Amino acid sequence: MYLTKDNRPVAPAVGFTLVELMVGMSISLVVIAGILSAYTFVGRHLVRLGNQQQIEAISRRAFNLLADDVGKATSVDLASSTQLAFTLLPPNANTIRTVKYSCASTGVGPLTRVVVDKVTVAGVTTPTTTTTTLFDSSTTLDFNYFNLAGKTTSTLLGIKRIELALTSKTGSSASRTLMSYSAVSPRLVLRNKPMLGSTNS
């Protein structure tokens with residue numbers, strides 16, 4: 001408390017010293033940095049979670065399509081580690097339907113499903129092709145084939161069960177949102193395919 005010349009009390013000036021300001025600013029910067037780090041971490045986690053759910057949904061769709069096609073297949077026309085083609089039960093008497101699953105020969109690339117319907121009317125056959133990309137270019141896959149006895153086979157006549165193993169990635173490693181998902185389908189049975197070969201083929 002100070003006194004003026006006429007003895008009136010005057011309150012001293014109130015403020016912060018430079019040291020106090022620097023300490024306060026330092027604490028504020030630490031708190032802000034922590035909030036931003038937490039926000040970035042939560043944001044990346046949510047993106048990774050969304051990517052994982054997306055991959056799982058796409059995988060289930062691909063497995064369901066493959067299971068449906070295998071259940072309707074009457075013959076296997078092509079069978080390799082990266083390609084699978086077969087003839088399906090015809091939707092009507094005038095149509096021949098085939099389907100082909102294919103990936104690059106290296107096993108890395110988009111997995112596509114191509115359905116070809118050859119419709120014959122009055123002796124004229126008209127093909128209709130429908131192409132669907134099931135996975136993007138970051139997919140690796142491998143088709144495996146088994147005979148009736150459950151042994152691995154490579155002969156078209158001996159194939160009775162089909163299995164698909166795949167790994168798909170989505171996101172970006174630079175932004176730390178890259179997610180990888182691996183799955184193996186059940187061994188799908190070709191119920192409508194006649195067994196003309198030996199079970200030991």
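**A long helix across a five-stranded sheet**

Let me start with one pair of residues: Thr120 has Thr125, in β7, as its bridge partner. Strands here are DSSP runs of E with at least two residues, helices are runs of H or I with at least four, and both are numbered from the N terminus. Please keep in mind that this is a predicted model, in which local features need pLDDT of at least 70, side-chain atom pairs count only at pLDDT 80 or more, and totals for chains, interfaces and linings use all residues. Residues are numbered from 1 along each chain as its sequence is written, and side-chain values use heavy atoms, with hydrogens and water left out.

The strands β6 (residues 111-121) and β7 run antiparallel and are joined by eleven bridges; two strands are taken to pair if DSSP finds at least two bridges between them. In the loop between these two strands we find Ala122, which has a positive phi of about 55 degrees although it is not a glycine. Ala122 is exposed, with a relative accessible area of 81%, where exposed means over 50%, buried under 20% and partly exposed in between, for a 1.4 Å probe and protein chains only.

Stepping back, β6 and β7 belong to an open sheet of five strands, in the order β3-β4-β5-β6-β7, with antiparallel pairing. Why is one side of β3 (73-79) and of β7 (124-135) left without a neighbour in the sheet? Both stand at the edges, each with a single partner strand, so each has one side without a neighbour.

Across β3, β4 (83-88), β5 (95-102), β6 and β7 lies helix α1, running at about 145 degrees to β7; angles are taken between N-to-C directions, from 0 to 180 degrees, with axes fitted to C-alpha atoms, for helices over the stretch in contact. This helix, residues 18-72, has 55 residues and reaches 81 Å from its first C-alpha to its last, close to the 81 Å expected at 1.5 Å a residue, the expected span being 1.5 Å times one less than the number of residues. Among the buried residues of α1 are Asn51, Ile55, Ser59 and Phe63.

Phe63 brings us to Ser185, which lies in the loop between β10 (179-184) and β11 (188-189) and is buried, with a relative accessible area of 5%. Leaving aside residues up to four places away in sequence, Ser185 touches Phe63, Glu163 and Leu164, contact meaning heavy atoms within 4.5 Å.
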